[in-house]
Amino acid sequence: MLKPIDAETVVRDGGAHGRFPGQIHSGVAWWMAACFVVTVRACRLVVAHDGKSASVEFFDRLCQGAVNAQHYACQVLDRGQADEVALLAAMRQAGDAPGILVTAKETGGDAVQITIALYGRDGKPLDEPGGLAAIRRMIAEYRVPIPVNETSKGRVQPYTTATGEDTGK
């Protein structure tokens, strides 16, 4: 792993949380998404961000990780800029698909606090037995999943509402 992290410190409380730069980097978003897809066996995933520039950087890497998760060929539905309520509604509309929300909070100076929140199919934050412990272990042991071959790769597409409205980027 080119840029290791302290997985015990960063991967907790339903996702990944850390100061950027410093505790966390955009590669963590790739790792979290790939590990999440494999851990929850997702063939469909709804993703969103809060629109801040740091969030968008992490979000782009997250999408690439989600489509590059072993053999799952995950369909990543890009909800674009949204809050937690909108993400949870999109997850329900997508057939109770799991979801990920990336947010950034200014902490002063050049640093921001990044949160990559993982939600199970039930709309609740991912807990330890639900997969968070497995994701932390995969990252700590450098067992981040990669695609088996090119045909196993998923794709990112805009999320559309039941009325056909495109809510993605």
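At 38% relative accessibility, how does Lys-52 count: buried or partly exposed? In this predicted model, Lys-52 comes out as partly exposed. Its salt-bridge partner is Asp-50, with 3.7 Å from N to O. Asp-50 sits on the other side of the cut-off: its relative accessibility is 17%, and buried means under 20%, so Asp-50 counts as buried.

That pair is one of four salt bridges turned up by a search of the whole structure. Another joins Glu-128 to Arg-136, whose closest N and O atoms are 2.6 Å apart. Here the basic residue is the covered one: Arg-136 has just 10% relative accessibility and is classed as buried, while Glu-128, at 34%, is partly exposed. Then there is Arg-12 with Asp-13, where the closest N and O atoms lie 3.0 Å apart. Asp-13 is exposed, with a relative accessibility of 60%, and Arg-12 is partly exposed at 30%. As a general point, side chains of opposite charge can pair when their charged atoms come close.

On to the overall fold. The protein has five helices and seven strands, and reading along the sequence gives the pattern α-β-β-α-β-α-β-α-β-β-α-β. The C-alpha atoms fit a box of roughly 40 × 40 × 30 Å along the principal axes. The radius of gyration is 15 Å, which agrees with the value near 15 Å for a compact globule of 169 residues. Some 54% of the 169 residues count as buried. Among contacts with a separation of 6 or more, 72% are between residues 24 or more positions apart. The accessible surface comes to about 8100 Å², and carbon and sulfur atoms hold 50% of that.

What about the interior? The largest nonpolar core has 46 residues, and the members touching the most others are Ile-24, Met-32, Ile-100, Ile-114, Ile-116, Leu-118 and Ile-139. Elements supplying at least two residues each include helix H1 (7–10), strand S3 (44–49), strand S5 (99–108), strand S6 (111–119) and helix H5 (128–140). Helix H2 gives the largest share of this core, with twelve residues. A second core, of 15 residues, lies apart from it and has Val-46, Leu-88, Leu-101 and Tyr-159 among its members. In soluble globular proteins, nonpolar side chains tend to be buried together.

Leu-118 is worth a look of its own. Setting aside neighbours within four places in sequence, Leu-118 is in contact with residues including Gly-14, Met-32, Phe-36, Ile-100, Pro-125, Leu-132 and Ile-135.

Note on methods
Residues numbered from 1 in each chain as written. Predicted model: local features only at pLDDT ≥ 70, side-chain atom pairs only at ≥ 80, totals over all residues. Heavy atoms only, no water. Salt bridge = Lys/Arg side-chain N within 4 Å of Asp/Glu carboxyl O. Buried < 20%, exposed > 50% of the residue type's maximum accessible area, 1.4 Å probe, protein only. Core = buried A, V, L, I, M, F, W, Y, C linked by side-chain atoms within 4.5 Å. Helix = DSSP H or I, 4+ residues; strand = E, 2+ residues; numbered from the N terminus. Contact = heavy atoms within 4.5 Å. Rg over C-alpha atoms; globule rule 2.2 N^0.38 Å. Areas by Shrake-Rupley, 256 points an atom, 1.4 Å probe, with all protein chains shown as cover.
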